[in-house]
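Colleague: Got a minute to go through this one with me? Let's pull it up.

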Amino acid sequence: MSWLSILALALQTAIGFQGASYALGAVGLNLHFGYTGLSNFGHVGFLLVGAYGVGIAADQGWSIWTGFALGIGAAVVLGLLLGIPTLRLRGDYLAIVTIAAAEILRLLANARPSEPLTGGSRGIGGLSARLGFYRPNFIPSGTYGIGDSFVFSSGQLWSMLWTWGLAVGATLLVWRLVRSPWGRVLRAIREDEDAATALGKNVVVYKLQSFVLGGVIGSLAGAMIVLNAGSVSPTRWIAPLTFALYTVVILGGAGTVWGPVVGAVVYWFIIDLAEGVLGNLWFDISDTTVGAVRLALMGVGLMLLMIFRPQGILGNKKEVMAGGR
Amino acid sequence: MAGDLDGVAPEPGVAKPDPILVADEVQRRYGGLLAVDVGHLEVQRGVITALIGPNGAGKTTFFNLLCGFDRADEGRWTFQGESAEGVKPYKLARRGMVRTFQLTKALAGMTVLDNMLLAPKGQSGERMLASLVPPIWRSQETENLERARDLLQRFKLDHLTDEYAGGLSGGQRKLLEMARALMSQPSLIMLDEPMAGVNPALTQSLLGHVTALRDEGMSVLFVEHDMDVIMTTSDWVVCMAEGRIIAEGRPADIAGNAAVIEAYLGIDHGGTTKGKVS
């Protein structure tokens with residue numbers, strides 16, 4: 001494979017569905033972590049309920065809209081359920097509870113008794129067809145792009161269109177919210193809860209609002225991921241996905257409006273480029289090794305980022321330094 | 001004003017003509033230690049009341065109880081005639097009892113201006129759905145902006161308007177915290193050691209601001225260590241030791257009070273010293 005096609009493939013992943021879905025997931029996490037200072041280490045749990053909302057709807061023969069509503073509703077319930085007891089406590093409790101809850105949800109989906117609903121470890125397949133996700137696709141079939149590597153099929157473009165649409169829509173919503181007095185209260189809570197309380201702000205309610213809204217955005221990302229994949233199974237919704245989203249948020253710039261979008265594109269470009277390069281060296285590396293090295297690279301990258309550029313690509317160094325984050 | 005306290009006898013728990021805050025039988029225990037045990041205290045409206053006492057006297061604990069940041073084991077207190085015990089701190093703040101902190105809590109990662117704009121009460125743009133529709137809150141925001149700029153000018157922080165609060169010096173942060181508290185238009189402003197760690201030149205300017213607050217009709221309750229500050233600034237002094245109020249009076253009364261001198265200088269070194277509470 002030529003180096004040019006490795007670059008083209010990396011770019012395809014970055015601006016393609018992978019970049020879009022990670023951007024969407026990261027927008028919600030950015031609202032939690034970047035703007036409100038909530039340490040949500042179980043963001044993948046929100047993605048999971050969104051994914052299974054769509055999956056279960058397909059399995060039961062309901063419409064795609066019911067599937068989305070189901071996922072969003074579940075995300076709201078999950079947010080309230082986790083948020084009400086923990087958000088009045090110190091930040092560490094939220095971190096512990098969220099990481100545990102996400103894991104519990106995955107195990108529940110995987111468990112044998114849930115098979116009639118979630119399909120257990122086999123999951124639910126063929127769901128985009130059953131939900132008619134591609135039916136309204138107006139893009140003529142065929143491939144679009146340049147050369148052999150940088151190409152998208154009509155179906156890929158269709159799911160990209162929706163996922164990028166949602167990612168940009170969610171970003172604009174967050175942009176409107178954080179540039180309002182409401183967003184100012186969130187940032188105040190991130191900086192110092194007691195100070196916000198002393199000025200008459202009901203800190204718990206604001207944290208809950210942010211937590212639920214970010215969770216709903218996360219659930220949309222989960223739904224799009226399974227619509228694009230055509231199936232849902234428990235194996236995808238593991239903690240490393242949360243950490244990947246954290247990497248995206250920090251890479252792009254936590255607490256910046258467009259950070260998640262830029263972060264997701266750059267993240268996938270680097271990850272895919274690394275994979276392409278590792279797979280095409282003069283000696284052979286097995287695929288599992290490539291996967292492991294990729295994860296290790298992500299870890300090292302995150303460390304270097306925190307040391308040398310804690311504000312990320314779009315962040316304001318002065319703000320981050322002043323805040324002592 | 002201060003004159004209202006003319007006829008008031010300098011004794012612990014004495015009644016005031018127009019109290020804004022009245023506390024009764026307030027107790028706070030830490031294990032076996034009774035950190036706060038205040039029988040009766042009235043804080044007069046429109047004057048500067050200083051809360052003094054040696055380290056571990058329970059001043060800050062009492063302070064935290066009053067404004068809801070700590071939970072009292074027993075006791076009742078009212079603020080502006082309404083019950084205030086067990087009330088959430090943000091609700092007390094909305095009712096006009098606004099505090100500052102011993103360790104300044106400037107919102108470091110926000111600009112000085114954003115710090116100020118956070119403070120006003122009843123901002124419609126702070127509701128989640130309303131925040132999406134700027135026309136609902138824009139005019140209110142503009143008014144607040146004007147008031148913030150005026151206050152920043154008065155506190156000589158106007159050249160720092162767009163700086164991040166984290167980049168300010170310790171004294172500037174104290175000024176900002178006081179200006180911010182003022183921005184919320186409190187009726188009682190509670191300052192926890194406002195002069196701690198501030199250089200003498202700035203102390204004078206801070207003191208000027210404190211007396212200006214009173215002259216504008218606000219009530220001020222502050223915890224302080226510096227005797228010079230207390231004697232020159234306060235209208236009324238409440239002295240605590242070992243959790244109790246041991247003396248009350250005008251600064252002149254307190255200066256000569258035997259119980260206060262004993263509490264500060266400690267006639268019995270070591271012997272009966274109890275654990276530290278601050």
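Modeller: Sure, one thing before the domains: their bounds come from an automatic or database domain assignment. This is a predicted model, where local features need pLDDT of at least 70 and side-chain atom pairs count only at pLDDT 80 or more, while totals for chains, interfaces and linings use all residues. Residues are numbered from 1 along each chain as its sequence is written, and chains are lettered from A in the order in which they are written.

Colleague: OK, how is chain B divided?

Modeller: Into domain 1 (2-106 + 186-265) and domain 2 (112-167). Taken over C-alpha atoms, the centres of domain 1 and domain 2 of chain B are 29 Å apart.

Colleague: Switching to chain A, at what angle do α3(A) and α11(A) pack?

Modeller: About 50 degrees, with the axes 6 Å apart; that's residues 43-60 against 203-229 of chain A. Helices here are DSSP runs of H or I, at least four residues, numbered from the N terminus. Axes are lines fitted to C-alpha atoms over the stretch in contact, and angles run from 0 to 180 degrees between N-to-C directions.

Colleague: And which residues of α3(A) and α11(A) make the contact?

Modeller: Among them are F46(A) and L47(A) of α3(A), plus I225(A) and V226(A) of α11(A). Contact means C-beta atoms, placed from the backbone, within 7 Å.

Colleague: Now the chains: how many residues does the contact take from chain A and chain B?

Modeller: 27 from chain A and 30 from chain B. On chain A's side, α9(A) gives the largest share, seven residues.

Terms used. Helices (H or I, at least four residues) and strands (E, at least two) are DSSP runs, numbered from the N terminus. Two residues are in contact if their C-beta atoms, placed from the backbone, lie within 7 Å.
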